[in-house]
Amino acid sequence: MKRILLTIAFTTLFNSFIHSQTTKFTYLQFDFAVSITGNPNRDNYYYEPESTSTNAFFVPNGLGSQVGYGVHYKKWLTLGVHSGMDWKWDNKLVAVPVFLNLGFSPKVGPETRIMLQAGYGKGFALGRGNLNGEYKKLKLGIGSDDFIIFAEISDYAFPLHDEKSIGAISFGITLQDFFYYKSESSE
């Protein structure tokens, strides 16, 4: 008898909680980034001026794109599942990260937000057999509610070409769309 009463009470509380929720808060995020690396041919520029190398300190090293979906609280706290594809030219690597992303985006002005996001999950190398490992990233950006310019540090924790892990520093843009849905039971 006690179990039946507890089950009924739990079901009633759970049902009333579900119907009291008037809105659902979700977001969709799209990132595009260019990773950079130190220029290995910087010193050769002075000795061979006709060469195609440049004297820049940093040169592009890859492209990346990610998409994520999750929930948010008043646009300043986000939690979502993200995935995408990273292409690293020097390492000849195409990798797919799948990760949870936790973000904080407090307002610092009337239309300006600072974004801090941390991601943790799994990274998979395409075309390299069973090569996979942990994926970690940290992103810092500034912008508005839906457009942010960012800098990001990421790391694939699997060995490749005598390296313990494959890391990258990237710069890019984030496009976010925050959705507010009214539940049909509230009308």
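In the predicted model described here, Tyr 73 has a relative accessible area of 43% and is therefore partly exposed, since that class lies between the 20% limit for buried residues and the 50% limit for exposed ones. Trp 76 falls into the partly exposed class as well, with a relative accessible area of 35%. The rings of Tyr 73 and Trp 76 form a pair that counts as edge-to-face, because their centres lie 6.1 Å apart and their planes stand at 75°, where over 60 degrees is required. The count of aromatic pairs in the model comes to six.

A further ring pair is formed by Tyr 156 and Phe 158, whose centres are 5.6 Å apart and whose planes meet at 45°, so that this pair is classed as tilted. Tyr 156 is buried, with a relative accessibility of 1%, and Phe 158 is likewise buried, at 0%. Tyr 156 and Phe 158 also belong to a cluster, linked by ring pairs, that includes Phe 99 and Tyr 135.

Strand S6, which covers residues 132–143, pairs with strand S7 in the antiparallel sense, and 10 bridges are found between the two. The connection from S6 to S7 is a hairpin of three residues. Within this pairing, Ile 142 has Ile 149 of S7 as its bridge partner. An interaction of another kind involves Lys 139, the charged end of which sits over the ring of Phe 150 at 4.3 Å from the ring centre.

Ile 149 is also one of the residues that make up a nonpolar patch on the surface, with an area of about 1100 Å². The patch is made by Leu 28, Phe 30, Phe 32, Leu 63, Val 67, Tyr 69, Trp 87, Trp 89, Phe 147, Ile 149, Ile 173 and Leu 175. At least two residues of the patch are supplied by each of four strands, namely S1 (23–38), S2 (58–73), S7 (147–157) and S8 (166–182). Trp 89, another member of the patch, is placed in the loop between strand S3 (77–88) and strand S4 (93–104). With a relative accessibility of 33%, Trp 89 counts as partly exposed, and this value also lies over the 30% that is required of residues in such a patch.

How values were computed. Residues numbered from 1 in each chain as written. Predicted model: local features only at pLDDT ≥ 70, side-chain atom pairs only at ≥ 80, totals over all residues. Heavy atoms only, no water. Patch = residues over 30% accessible without salt bridge, like charges linked within 9 Å, V, L, I, M, F, W, Y side chains within 5 Å. Areas by Shrake-Rupley, 256 points an atom, 1.4 Å probe, with all protein chains shown as cover. Salt bridge = Lys/Arg side-chain N within 4 Å of Asp/Glu carboxyl O. Buried < 20%, exposed > 50% of the residue type's maximum accessible area, 1.4 Å probe, protein only. Phe/Tyr/Trp six-rings, centres within 6.5 Å; stacked < 30°, edge-to-face > 60°. Lys NZ or Arg CZ within 6 Å of the ring centre and 35° of its normal. Pairing = 2+ DSSP bridges.
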